[in-house]
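Could you walk me through this protein model in plain language? I'd like to understand how its parts sit against each other.

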Amino acid sequence: MKYISSDIKQYTQAKEYIDTAILPLIPYSFKSDQDLLQLSVQKDLIQLYVSQIENELKGRVFVLPEYNYLKSDKIQEDEKGRLQNLLVHLEQQPFKYIFLITSDNKWRKITKDMEAELIWIPAMSDTDLNQQETQQLVQSQVKEIQSLIKDSWDD
């Protein structure tokens, strides 16, 4: 389920069965045209992954609105605190399983002490997400991510 009105109506009626949250971490920057293009491709890629994961696991997962932050050389301490506050709020809903999905590897160190599992997707350069090879790669990786999520449910 997604954070859209039609899904929210379903969510409120069945929330006891929806124990998994997926939070896309999306950086942005207007530092240069290249940054702008690269980060927009990463955003599109993350959205593609999340959409395919949600389609397969609908009824058990809830996709949250994107967590947007300004990309910099280092993720700031206040950004870490902001994310931690959001995670505490999500745990109270209660989401038993929380997955963060991003192409920004700087989150790896920051989230290791948080009550969420980070799924890191390697960034792609300026590529056409509609190319058959890209679609096949994404579909293969989505299956792996879905397995990872399902495995956490067995714990």
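Let's start with two helices, α2 and α5, in this predicted model. Helix α2 covers residues 33-57 and helix α5 covers residues 132-153, and the two pack at an angle of about 55°. What do we call an arrangement like that, seen from α2 and α5? An angle of about 55° is not under 35 degrees, so it isn't roughly parallel, and it falls outside the 65 to 115 range for roughly perpendicular. The two helices are therefore oblique to each other. The angle isn't the whole story, because two packed helices are described by the distance between their axes as well. For α2 and α5, the axes are 10 Å apart. There's a handedness to it too: α2 passes α5 in a right-handed crossing.

Now zoom in on the residues that do the touching. From α2 come L45, L48, Y49, Q52, I53, E56 and L57, while α5 brings Q135, V138, Q139, Q141, V142, I145, Q146, I149, K150 and W153. What kinds of residues are they? Sorted by type, the contact of α2 with α5 has 10 nonpolar residues, five polar ones and two charged ones.

While we're on α2, have a look at E54, which lies in that helix. Is E54 buried or exposed? With just 1% relative accessibility, E54 counts as buried, because the cut-off for buried is under 20%. Leaving out residues up to four places away in sequence, E54 touches M1, K2, D7, V61 and V63.

K2 comes up again when you look at L64, which is found in the loop between β2 (61-63) and β3. K2 and L64 are 62 residues apart along the chain, yet their C-alpha atoms are separated by 6.4 Å. L64 is buried as well, because its relative accessibility is 12%. If you skip residues up to four places away in sequence, L64 touches A21, I22, L23, P24 and L90.

Three of those partners of L64, namely A21, I22 and L23, also turn up around F99, a residue of strand β4. Apart from neighbours within four places in sequence, F99 is in contact with T20, A21, I22, L23, E117, I119, L148, I149 and S152. You've met I149 already, as one of the α5 residues in the contact with α2. F99 has a relative accessible area of 2%, so it is buried. Its C-alpha atom and that of V61, 38 residues away along the chain, are separated by 10.0 Å.

Next up, the aromatic rings. How many aromatic pairs are there? The count comes to six. One of them joins Y11 and F95, and it is stacked, with 6.3 Å centre to centre and 20° between the planes. Y11 lies in helix α1 (residues 5-14) and F95 in the loop between α3 (77-91) and β4 (97-102), so this pair ties together parts that are 84 residues apart in sequence. Both Y11 and F95 are buried. Add F62, and you have one aromatic cluster made of Y11, F62 and F95.

Another pair, Y67 with W107, is edge-to-face: 6.2 Å centre to centre, with 80° between the planes. Here Y67 lies in strand β3 (residues 67-70) and W107 in helix α4 (residues 107-111), so parts that are 40 residues apart in sequence get tied together. Y67 and W107 are both buried, too.

Let's finish with a residue in another setting, E77 of helix α3. Is E77 buried or exposed? Its relative accessible area is 62%, so E77 is exposed. E77 and I110 are 33 residues apart in sequence, and 9.2 Å apart in space from C-alpha to C-alpha.

Conventions:
Residues numbered from 1 in each chain as written. Predicted model: local features only at pLDDT ≥ 70, side-chain atom pairs only at ≥ 80, totals over all residues. Heavy atoms only, no water. Axes fitted to C-alpha atoms, helices over the stretch in contact; angles between N-to-C directions. Helix = DSSP H or I, 4+ residues; strand = E, 2+ residues; numbered from the N terminus. Parallel < 35°, antiparallel > 145°, perpendicular 65-115°, else oblique. Left-handed = near helix turned anticlockwise from the far one by under 90°. Contact = heavy atoms within 4.5 Å. Nonpolar A, V, L, I, M, F, W, Y, C, P; charged D, E, K, R; others polar. Phe/Tyr/Trp six-rings, centres within 6.5 Å; stacked < 30°, edge-to-face > 60°. Buried < 20%, exposed > 50% of the residue type's maximum accessible area, 1.4 Å probe, protein only.
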